[in-house]
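Here are a few notes to read alongside the structure. Have it open and follow the points in order.

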Amino acid sequence: MSLGFAEKLSYKENVGSVGMSEIFDPPHVLQQKINYILLVDTYLDRLHDLDTIVLTIPSIVQWQIENLAALIRKSKHLVAFTGAGISTSCGIPDFRGPKGVWTLQHEGKGVPEASLPFHRAMPSITHMALVALEKAGILKFVISQNVDSLHLRSGIPREKIAELHGNSFRELCPSCGEEYLRDFEVETIGMKQTSRHCKCGARLKDTVLDWEDELPLKELNPAVEQCRMADVVLCLGTSLQITPACDLPFQTLRGGGRVIIVNLQQTPKDKKASFVIHGRVDKVIAGVMHDLNLQIPPYVRVDLFQINLTYRQFPRFSDKKYVNWTLRVTSEHGKNAPLQFVKSVEVSFLDRPNLRAAILLKQPFLLKRQLISTRPFKISLKINFSDGCGCQSTKVEVPVNFQVLADSINHDKDDVIQKLKKTAVQDQCCGQISLVERKNLLPPTKEISIHAIATDFVAYNTYLASTGLSEDIPKSSGYIMRRLKDNINTEMPLKKLKCC
């Protein structure tokens, strides 16, 4: 699947510098720079008066970044400023790297292919580390230039993030200001009207900026305020070329704050930073978390879907009745919204072997039947997940009683999701399912139920250990650098654990 967002952007010939080389210093040069950094560790309060220090971390060596961890540990107001480089390990290409979107377009090669569907991308080690820092009270705010929604999916609270360039999965009501976070990519960009409506009746708009669109004040104003309050702004995976966003981190310099840049390529702002680390962001942040003695939390993705059961009874014979009923499996965002995490639905009937089973292969997942008998029975639905999910399938039972309406249920959705995530973490797998809501409508008789499913689970500490990358995390007891095993691929995608 190609990146729809990049294809939808208006054409712009000059997008800044692209295709810049990624920088890795030789080990002996790296060691000299590390030693120099460590010498100033006791002078952190005067670090901003020193010349810019550039620290490069090759992928084949173990490194020490205790100085960065010390800055973060001592910070009173840490702000993260993130770019496309934190999502490359999620399977999403960056823009200006050697194989970035703008680089390949500049070479006449078109938009690169993503390694998995955009809507199934999972947060990286860096995304989840920022969640841990926020929960620990260290990270106060996140400013993102990305439109992939991974910060929100990871668990950063909406009130603690400014999405400067919008979100491909978020719609906004221009009338009442209500936001809608989707599990599918919104079809337009440039803040145009979409096909859906707000609860207030107004047409919704997408939130992704096109080239000539100005930054929305709702996102820009808190970003400026947070950077001015910050004593440390950590720039992660950004080329710092897009204005005016790239100027925001340096608002902290007015109050004596420091800017740290972690990026594989040089940026136009390197000389303004207190120091620069040229390395893979996931490795750097994993090292920081190790030194801070903070665990990178696992990621659990929860998706929701809706089951609609509609039936109408008609007299057919003098002493019997027949029922026309319809089963529909849809997105919670509406019957016309795509249900992208479901590949097919297998329908069978418990305690009613005379009823023919069915396999629903295309959306909308719809089954129509007619029954003479109205005695109760149960429908078993096997939900087969699409590619990119951590599980293959799960099952849910739907009780059917044409004579008595089921009781309405309305659980708190956030509470259900949190319990589901907790269970997935305890089980170390995904596939769990919970009922969120059930309601009845008349006429015709309709029962609507909304279910939540844990469709992905990743334990990042398990991943680091299983790939050997944990050996690449700095140990606070010394500064010895050891080579990784030659057969370790440091850019391999995160491994998902098998479902239950």
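1. Which side chain of opposite charge is nearest to R153, and how far away is it? D148 is the one, at 7.4 Å, and R153 is buried yet has no salt bridge. Buried here means under 20% relative accessible area, with exposed over 50% and partly exposed in between (1.4 Å probe, protein chains only). A salt bridge needs a side-chain nitrogen of Lys or Arg within 4 Å of a carboxyl oxygen of Asp or Glu. For charge, Lys and Arg count as positive and Asp and Glu as negative, while His and the chain ends are not counted.

2. A word on the source: this is a predicted model, where local features need pLDDT of at least 70 and side-chain atom pairs count only at pLDDT 80 or more, while totals for chains, interfaces and linings use all residues. Residues are numbered from 1 along each chain as its sequence is written, and side-chain values use heavy atoms, leaving out hydrogens and water.

3. Back to R153, which sits in helix α6 (residues 150-154); helices are DSSP runs (H or I, at least four residues) and strands likewise (E, at least two), numbered from the N terminus. A polar atom of the R153 side chain lies 3.2 Å from the backbone oxygen of A121. Setting aside residues up to four places away in sequence, R153 touches F118, H119, A121, D148, F169, Y299 and R301, where contact means heavy atoms within 4.5 Å.

4. Next, H165: the unreviewed UniProt entry annotates it as "active site", though such annotations may be inferred rather than shown by experiment. Look for H165 in the loop between β4 (161-163) and β5 (170-172). H165 counts as buried because its relative accessibility is 16%. Beyond residues up to four places away in sequence, its contacts include S144, Q145, T207 and I242.

5. E134 is in helix α5 (residues 125-135). Its relative accessibility is 13%, so E134 counts as buried. Leaving out neighbours within four places in sequence, E134 is in contact with L139, I156, P157 and K160.

6. Finally, the rings: there are seven aromatic pairs in the structure. One of them joins W325 and F377, tilted, at 6.4 Å centre to centre with 55° between the planes. W325 is in strand β13 (residues 321-331) and F377 in strand β17 (residues 377-385), so the pair ties together parts 52 residues apart in sequence. Rings of Phe, Tyr and Trp (its six-membered ring) pair if their centres lie within 6.5 Å; planes under 30 degrees apart are stacked, over 60 edge-to-face, and the rest tilted. W325 and F377 are both buried, and they form one aromatic cluster with Y311, F349 and F402.

Methods. Polar contact = N/O pair within 3.5 Å; in protein donor to acceptor, adjacent residues only side chain to side chain.
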